[in-house]
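Please open the structure in a viewer and keep the sequence panel visible beside it. The tour below proceeds by selections, each followed by a description of what is found there.

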Amino acid sequence: MSPPQQRAMSGLPAPGVALLGPLEVRSFAGVVALGGEKLRAVLALLLLEHRRVVAAADLIDAVWAESPPPTATNAVQVYVTGIRKALRQAGLGDALGTTGRGYRLDLPDGAIDRDGFLDARARASAAIASGRRDLAADEYRAALSMWRGRALSDVQTVAAVRSQAEQLDELERATFESYAANELALGRAAEVLPALAERGAREPVRESLWALIALAQYQSGAQAAALTSLKRVKTALWDQLGVTPGTRLRMLETAILRHDPGLLVPASSAAVHGLAERAIDRRVVATRPPGDDERTVTVPVEDPEAVSAALELPDGTTTRVGGEPVLLGRATGCDVVLADPSVSAVHARIRAVRGAHVVEDFGSRNGTLVNGEAVARAQLADGDELVLGRCLLRYRDESSAGADAGG
């Protein structure tokens, strides 16, 4: 455990830098004063590329876009001096170094809240996989407690920062949904419903969230409210996006109308079956304690339309890709860690979208390529080659349709 983590565990304030909300540099005494927006932008860019050299020219391009002033180089040097002063004041030493024509920020492990969030999120996923849902709930709460608002909310005028911040915000939303699904599997529908409803008011067309809202209402004994919620999101999807609900919501509505017993997950069985995250419409037979009958339960997380796939990594190993998002990057909390300096800390994500896998670049510095073409977002097909930085990965569709196509 790193010193910052030890101090956090003991209840003491830990020096560090926080970007899961307005940008902050923290000392034992509190938040250290920073300069204006451009200094914050330089610090944000260095944080997002933590432990990688960022060229001064790239900082200038990002901060001033197409119209840097003649004094831009000197201005960046002034901002770097200000950042170094703030870091020293926070007790973080000489964490920002000069390397050639660029700068490299190297903070202690555990000093960036983003990395703590990713680590807790990864521990939660591991706990669910091992059947320890109560532990997963604690880890999810720890991960979500690190957020203070939108990521880097005070540095949104810089496109390179805004892009990665928006991706982090999306990851927070997905983590909350995984937390809520785990709570439902533990039989805590009534407890998690207020937080779900609050999110739903802000996100009227997020299908995965509204599926959880409806299921929580149904598990709380409010069938009419659950059906009303599904009707509400159906109307919002059509009015705002011109689309109809996906399979997940349609099948949930049918199951609620039929009073499907698989939608009810008693706390007693939830603590026993220890299932990995499953599709909302996929039946899984879970063995109850001795003397009980087998019961069909449904745990609402995974996209029922998701294909089964494998991702071949640069070291020759493979990782499974299903309905749960897979985060790829250099940070230790990513699902797939690519320990290469050309890879950004949080580089890209693969997730299931209506029967296919989609790769999304997280505003990475060196980009994400699919079959040699740089993409921000692209649907994957069997045999596709992905390049993240200098790392080559291959996507293999192992669903029946993909296997037939590949044969």
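The tour begins with the whole chain and then visits a sheet, several helices, a set of salt bridges and a buried strand.

**The whole chain**

Before selecting anything, please note that this is a predicted model. Display the chain as a cartoon: its secondary structure comes to 13 helices and 19 strands. Of the 407 residues in the chain, 51% are buried. Now switch to a surface view. The accessible surface comes to about 18000 Å², and carbon and sulfur atoms account for 51% of that surface. Contacts across the sequence are also worth considering: of those between residues at least 6 apart in sequence, 55% join residues at least 24 apart.

**A three-stranded sheet**

Select residues 53-55 and 96-99, which are the strands β4 and β5, and add residues 102-105, which form strand β6. In which order do the three strands of this open sheet lie? The order is β4-β6-β5, and the pairing is antiparallel. Strands β4 and β5 are the edge strands, since each pairs on one side only. On average, neighbouring strands of this sheet are turned by 30° against each other, direction ignored.

Strands of a sheet pair through backbone hydrogen bonds, either parallel or antiparallel. Look at the pairing of β4 with β6, where three bridges join the two strands. Select Ala55 and find its bridge partner in β6, which is Gly102.

Next, add two helices to the view. Residues 37-48 form helix α2, which lies across β4, β5 and β6 and runs at about 65° to β6. Residues 56-64 form helix α3, which lies across β4 and β6 and runs at about 65° to β4.

**Helix α6: a buried and a partly exposed arginine**

Select residues 133-144, which make up helix α6, and show the side chain of Arg133. Is Arg133 buried or exposed? Arg133 counts as buried because its relative accessibility is 2%, and buried means under 20%. Its side chain makes a polar contact with the side chain of Asn182, at 2.6 Å.

Move along α6 to Asp138 and Arg141, which lie three residues apart, about one turn of the helix. An α-helix has 3.6 residues a turn, so residues three or four places apart point the same way. Arg141 and Asp138 form a salt bridge, with their closest N and O atoms 3.1 Å apart. Arg141 is partly exposed, with a relative accessible area of 36%, and Asp138 is partly exposed as well, at 46%.

**Further salt bridges**

Side chains of opposite charge can pair when their charged atoms come close. How many salt bridges does a search of the whole structure find? The search finds 30.

For one within a helix, select residues 189-202, helix α8, where Glu198 and Arg202 lie four residues apart. Their side chains meet in a salt bridge of 3.6 Å, N to O.

Then select Glu385 and Arg394, whose closest N and O atoms are 3.2 Å apart in a salt bridge. Glu385 is partly exposed, with a relative accessible area of 32%, and Arg394 is partly exposed, at 31%. Salt bridges that share partners also build a network, which joins Glu170, Arg173, Glu177, Glu203, Arg206, Arg349, Arg351, Glu360 and Arg377.

**Helix α11 and its cover**

Select residues 247-257, helix α11, and colour its buried residues: Thr247, Arg248, Leu249, Leu252, Ala255 and Ile256. Display residues 207-219 and 223-241 as well, because these helices, α9 and α10, are included in what covers the buried residues of α11. After α11 comes His259, whose phi is positive, near 55°.

**Strand β11 and its two partners**

Finally, select residues 326-329, strand β11. In a regular strand the side chains alternate between the two faces of the sheet. In β11, Val326 and Leu328 point one way, whereas Leu327 and Gly329 point the other way, and all are buried.

Add residues 348-353, strand β13, which runs antiparallel to β11 and is joined to it by three bridges. Here Val326 stands opposite Ile350. Then add residues 336-337, strand β12, which runs parallel to β11 and is joined to it by two bridges. In β12, Val336 is the bridge partner of Leu328.

Methods. Residues are numbered from 1 along each chain as its sequence is written. This is a predicted model: local features need pLDDT of at least 70, side-chain atom pairs count only at pLDDT 80 or more; totals for chains, interfaces and linings use all residues. Side-chain values use heavy atoms; hydrogens and water are left out. Buried means under 20% relative accessible area, exposed over 50%, partly exposed in between (1.4 Å probe, protein chains only). Two strands pair if DSSP finds at least two bridges between them. Contact means heavy atoms within 4.5 Å. Accessible areas come from the Shrake-Rupley method with a 1.4 Å probe; for residues, only the protein chains shown count as cover. A polar contact is a pair of N or O atoms within 3.5 Å; within protein, one must be able to donate a hydrogen and the other to accept it, and residues adjacent in sequence count only if both atoms are side-chain atoms. A salt bridge is a side-chain nitrogen of Lys or Arg within 4 Å of a carboxyl oxygen of Asp or Glu. Axes are lines fitted to C-alpha atoms, for helices over the stretch in contact, and angles run from 0 to 180 degrees between N-to-C directions.
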